[in-house]
Amino acid sequence: MKLRYSYRVYPDAGQRNALARAFGCARVVFNVALRARQDAYRAGQPFLPDAVLSARLTEAKKTPERAWLGEVSAVVLQQSLADLSTAYRNFFTSVSGERPGPKLGPPRFKSRKDHRQTIRFTKNARFKVTDRGLVLPKIGEVEVRWSRAMPSDPGSVTIIKDAAGRYFASFVVESIGIPLPQTEDESSIDVGLTAYAVLPDGTKIDNPRWLRRRERKLGKLQREHAKKEKGSANRAKARLKVARQHAKVADARRDFHHQLSTALIRDNQAIYVEDLSVGALAKGMLAKSVNDAGWGAFLAMLEYKAQRYGRTVIKIDRWFPSSQLCPCCGWKVGKLPLGVREWDCRSCGEHHDRDVAAALNILAEGIRLRQTHQVAAGPADTRNDCGESTRPARAPSRGAALETLTAQAA
């Protein structure tokens, strides 16, 4: 499988200027090629292939107006054309219905005011990884903080400058799976906002609320930024302060996701989660809190780590009423307001914590689903198209699954 390894990069002043030129040249090539394809479409001409655009780029570098394109590596410019072709390909497959997910629009022009900029070097550029840093053509050896070793030689490297002014080197490497020792433990996860994750054994992992913690400081910095004169150096400094605060929030959230997902994958052979529509939830009243939680990124980490380490992640149908069922007898209490966190079963009289009951129901449904579909709790099978068959079965079957699970635990 292919993995991406990112490292912090510390270019000096001259290298930052060289990178700025490379960013600008790649942006110009992308915009000129996009304009050429748009003009050809309006004129009723065939779609311009990459070879024609590449030939035009070569000729443009020979003219006095575009001679400065020769100051950067030719691979950077060719990769910019490749990015444009990829954007068109994604647009065409999305319009035709071949690409799943939300519909994508056509490529748009890049602005020099974009605060996040990237360039990419492939093996053709002959970049070199050293113990001290990274040697890039026409830029030099850039200092890199090697925080971990890569499993294989990288096939490409992308230099990224984020909105906070930080530089990163992102490598794409081939990695083989590293199966962890087999274990009989299984778990389920009920994600939420009060508690970030609730496990069937009653463990509740607090929601750190990264953005909420920094709201006051962010508000102050954003008000200071709004008062600065547009286009001034002070406004640029104020914008950078705001971006750095947002970067701290994103870094803390990503670190929490990695630690939690790694711990769950390490300790459990199979993990059952709800197939949430995070995009739809992020458009409701709780949009800010849902986006701050980052459930989509966390579940994506669970999936790729399960695939890498020989674990299983099974998604339960999002319409499964996990918070409405009694985990003891299967009686359905019905839809509960979000403010109701505990309830009593009218059938068996048990008192339930809403989140813990949901985690137990997800676990029982996941076990039933794995047995029904014969999904082995070994190699990761993270995309089970369950459809209507994942509707809850009769109450005795869930109760029997829970009784079996309790007997095995005892």
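## A stop at the cysteines, then three strands

Start by selecting Cys328: in this predicted model, the residue is partly exposed, with a relative accessible area of 43%. Show its sulfur and look for a partner. Cys328 is in no disulfide, and the nearest cysteine sulfur, that of Cys326, lies 4.5 Å away.

Now click on Cys326 itself. Here you're looking at a buried residue, with a relative accessible area of 2%. Add Cys345 to the selection, since its sulfur is the nearest cysteine sulfur to that of Cys326, at 3.6 Å. Cys326 is in no disulfide either, because a disulfide takes two cysteine sulfur atoms within 2.5 Å. Don't bother hunting for a bond elsewhere: the structure holds 0 disulfides.

Next, leave the cysteines and select residues 186–191, which make up strand E8, together with residues 195–198, strand E9. The two pair in the antiparallel sense over 2 bridges. To see how they line up, pick Asp190, which stands opposite Val198 in E9. Follow the backbone from E8 into E9 and you'll pass through a hairpin connection of 3 residues.

Keep E9 on screen and add residues 204–206, strand E10. E9 and E10 run antiparallel as well, joined by 3 bridges. Your marker for this pairing is Ala195, found opposite Asp206 in E10.

For the last stop, trace the chain from E9 to E10. These strands form a hairpin too, with 5 residues between them. Zoom in on Gly202 in that turn and check its backbone torsion: phi is positive, at about 95°.

How values were computed:
Residues are numbered from 1 along each chain as its sequence is written. This is a predicted model: local features need pLDDT of at least 70, side-chain atom pairs count only at pLDDT 80 or more; totals for chains, interfaces and linings use all residues. Side-chain values use heavy atoms; hydrogens and water are left out. Two strands pair if DSSP finds at least two bridges between them. Helices (H or I, at least four residues) and strands (E, at least two) are DSSP runs, numbered from the N terminus. Buried means under 20% relative accessible area, exposed over 50%, partly exposed in between (1.4 Å probe, protein chains only).
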